[in-house]
Structures are given as C-alpha cells and as structure tokens.
Amino acid sequence: MKTVSVVLSPIISVMRFVLELAHSLVGNYGMSIILLSVGARLATAPIAKLARASEKQNRMRQAAMEPELAAIKSESKGRERFERTEAVYRRHNYHPIMAVSAALPLFLQIPLLISALLLLSSYPPLSGQPFLVINDLLRPDELLILGVGRINLLPILICLTALAESAIDDADRRTKLRFLIVTGVIAVLIYAAPAGVCLYWLTSNLLSLGRALVERQTAARSRRAKRMQTD
C-alpha cells in the first residue's frame, strides 16, 4: 500500500487541497467530501463522455458484423475462420481491443477511488466529525442495527446504486457484468472503511446514476420524436 500511496501521491495531494478548500468555504467535512467527489466526476467527465460515445459506436459495429461472423463460425474453422473474421473486422473498421473502451470510465475512477480511500482513511481532521446521521466520518457508519449487531449501511447503498445504474444502462451484457464484478469487489474491500470514504464513493455512484437516467430519458424522447415524424 505504501508503493500505491507514492504512485498516487500527486492525485492525493490535489484531493487534499480540494477537500481543504471546500471545507474553508462550507465549514463542514461531510459536505466537503461530497464536493470533492463532484469535482472528481467533473474532472473526468469529458474523457468518460468520449469513452461512452466510442462504446456506442463499437456496439453498432458489432451488431452490423454479427450475421457475417455467425455465418463464418458455422462455415469455417482454423486459419480460414481467422482470416475471414479479420476481413470482416477490416471492412467495418473494427478491432477487438476497442471493447476495452467500454471499461474506460471505470478505469478512470479507480485511481480516484483508491486515492480517496488513502486520503479519507487517515485524515485526522475527520476524527469525531459528524454528518447528518453519520456519527464519525473517520469510522465505519454502523447505521443499521440488527439482531446480529451493527451493519454498515453506506457500502450496501453503494452496491444498490451500482445495480440500479447497471439495470438502466444500455451497455452490453459483458460490460454490465464486468462493471458489477469490479463494483462488488471494491464494495467488499471497503465494507469496513471509514464513513467518509463510503460517502465519497456513494456520491460518485449517485452522480453516475443520475447521468444514466438523464441519458435514458433523452434517448426515449428522441425515439418518440422520430416516431411522431414518421406517423
């Protein structure tokens, strides 16, 4: 973890500066963490938008190639199948490596999430600082009280918001599965993390969910407008 801290130290330093600046303006560490998460999302939004546009184009190419590729798979094998498949890829200006672009928004967020984890897990001013129903931003939230004991609620909400975004997103099944696996693994890893860390990530997830809802509504309005023009 020390090596990771050194590698990410520039990002951590910027995040600390933004957190302290936000606190000097609003005077509340919980709200400052929310503003930090919003700032991180805004900083990566242009690249993430380009990645989503690239992903959409790749899905259209894959849909156009699917009948040809299915025929090749049933009619040939070995070297012949490879050469015919490559020929289809060239005609459609496609390469399988393009599928990686679908995960780019997530890859952009991971260094920020890890940097936030390292910063907010050991930031002394957060000790004993409450926010809304959270008693201490430097400790696990323990907001749910069940028969088995206290349960951390924020990591559960992180998973639920990720599931909601995956349900409404128009990404392909493999992309959704990859997104959910990574989200689930990170959520398990940070289950016992301080509430400040979870607040940062939950804010990020809510922003992403809001973006997905807006895009879905925009696409639905566009489809309705096209149907009205054709009627």
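These are my notebook entries on what I looked up in this structure, which is a predicted model.

**Entry 1: the chain as a whole**

I began with the secondary structure, and I found that the protein chain comes to eight helices and two strands. Reading along the sequence, I noted the pattern α-α-α-α-α-β-β-α-α-α. I then looked up burial, and of the 231 residues of the protein chain, 34% count as buried. For the contacts with a separation of 6 or more, I noted that residues 24 or more positions apart account for 68% of them.

**Entry 2: helix H2**

I turned next to helix H2, which covers residues 9–26. At 1.5 Å a residue its 18 residues should span 26 Å, and I found its end C-alpha atoms 25 Å apart, which agrees. Which residues of H2 are buried? I listed Ile12, Met15, Leu19 and Ala22. These buried residues cover an arc of only 90° around the axis, which puts them on the same side of H2. I kept in mind here that an α-helix has 3.6 residues a turn, so residues three or four places apart point the same way. On the other side of H2 I found Pro10, Val14, Phe17, Ser24 and Leu25 exposed. Just after H2 I came to Gly27, which takes a positive phi of about 70°.

**Entry 3: the loop between H3 and H4**

In the loop between H3 and H4 I looked up Ser76. Is Ser76 buried or exposed? With a relative accessible area of 4%, which is under the 20% cut-off, Ser76 is buried. Leaving aside its neighbours within four places in sequence, I found Ser76 in contact with Arg81 and Arg84.

**Entry 4: helix H4**

I treated helix H4, residues 78–91, in the manner of the entry on H2. Its 14 residues should span 20 Å at 1.5 Å a residue, and its end C-alpha atoms are 20 Å apart, which agrees. I noted Thr85, Val88 and Tyr89 as buried in H4. These three cover an arc of only 100° around the axis, which puts them on the same side of H4. The face of H4 turned away from that buried side carries the exposed residues Arg79, Arg90 and Arg91. H4 is followed by Asn93, and I noted that its phi is positive, near 55°.

**Entry 5: the aromatic pair**

How many aromatic pairs does a search of the whole structure find? The search gave me one. The rings of Tyr29 and Tyr123 have their centres 6.1 Å apart and their planes at 70°, so I wrote the pair down as edge-to-face. Tyr29 lies in helix H3 (residues 29–75), while Tyr123 lies in the loop between helix H5 (104–120) and strand S1 (144–146), so the pair ties together parts that are 94 residues apart in sequence. I also checked the burial of both rings' residues: Tyr29 counts as buried at 11% relative accessibility, and Tyr123 is buried with a relative accessible area of 8%.

**Entry 6: the cysteines**

I searched the whole structure for disulfides and found zero. Cys159 is in no disulfide, and the nearest cysteine sulfur, that of Cys198, is 9.9 Å away, whereas a disulfide needs the sulfur atoms within 2.5 Å. I recorded Cys159 as partly exposed at 27% relative accessibility, and Cys198 as buried at 0%.

**Entry 7: the nonpolar cores**

I finished with the cores, and I noted that the largest nonpolar core has 32 residues, of which Ile33, Leu120, Leu137 and Tyr200 touch the most other members. The elements that give two or more residues to this core are H2, H3, H5, helix H6 (153–168), helix H7 (173–189) and helix H8 (195–230). Which element gives the most to this core? I found that H8 does, with seven residues.

I then followed Leu137 further, leaving aside its neighbours within four places in sequence, and found it in contact with Tyr29, Gly30, Ile33, Leu126, Gln129, Phe131, Pro194, Ala195, Gly196 and Leu199. Among these contacts of Leu137 I recognised Tyr29, which I had already met as one of the two rings in the edge-to-face pair.

Apart from the largest core I noted another core, of five residues, among them Met65, Val88, Tyr89 and Tyr94. Val88 and Tyr89 had come up before, in the entry on H4, where both are buried.

Technical notes: Residues numbered from 1 in each chain as written. Predicted model: local features only at pLDDT ≥ 70, side-chain atom pairs only at ≥ 80, totals over all residues. Heavy atoms only, no water. Helix = DSSP H or I, 4+ residues; strand = E, 2+ residues; numbered from the N terminus. Expected span 1.5 Å × (residues − 1). Buried < 20%, exposed > 50% of the residue type's maximum accessible area, 1.4 Å probe, protein only. Arc of directions from axis to C-beta. Phe/Tyr/Trp six-rings, centres within 6.5 Å; stacked < 30°, edge-to-face > 60°. Core = buried A, V, L, I, M, F, W, Y, C linked by side-chain atoms within 4.5 Å. Contact = heavy atoms within 4.5 Å.
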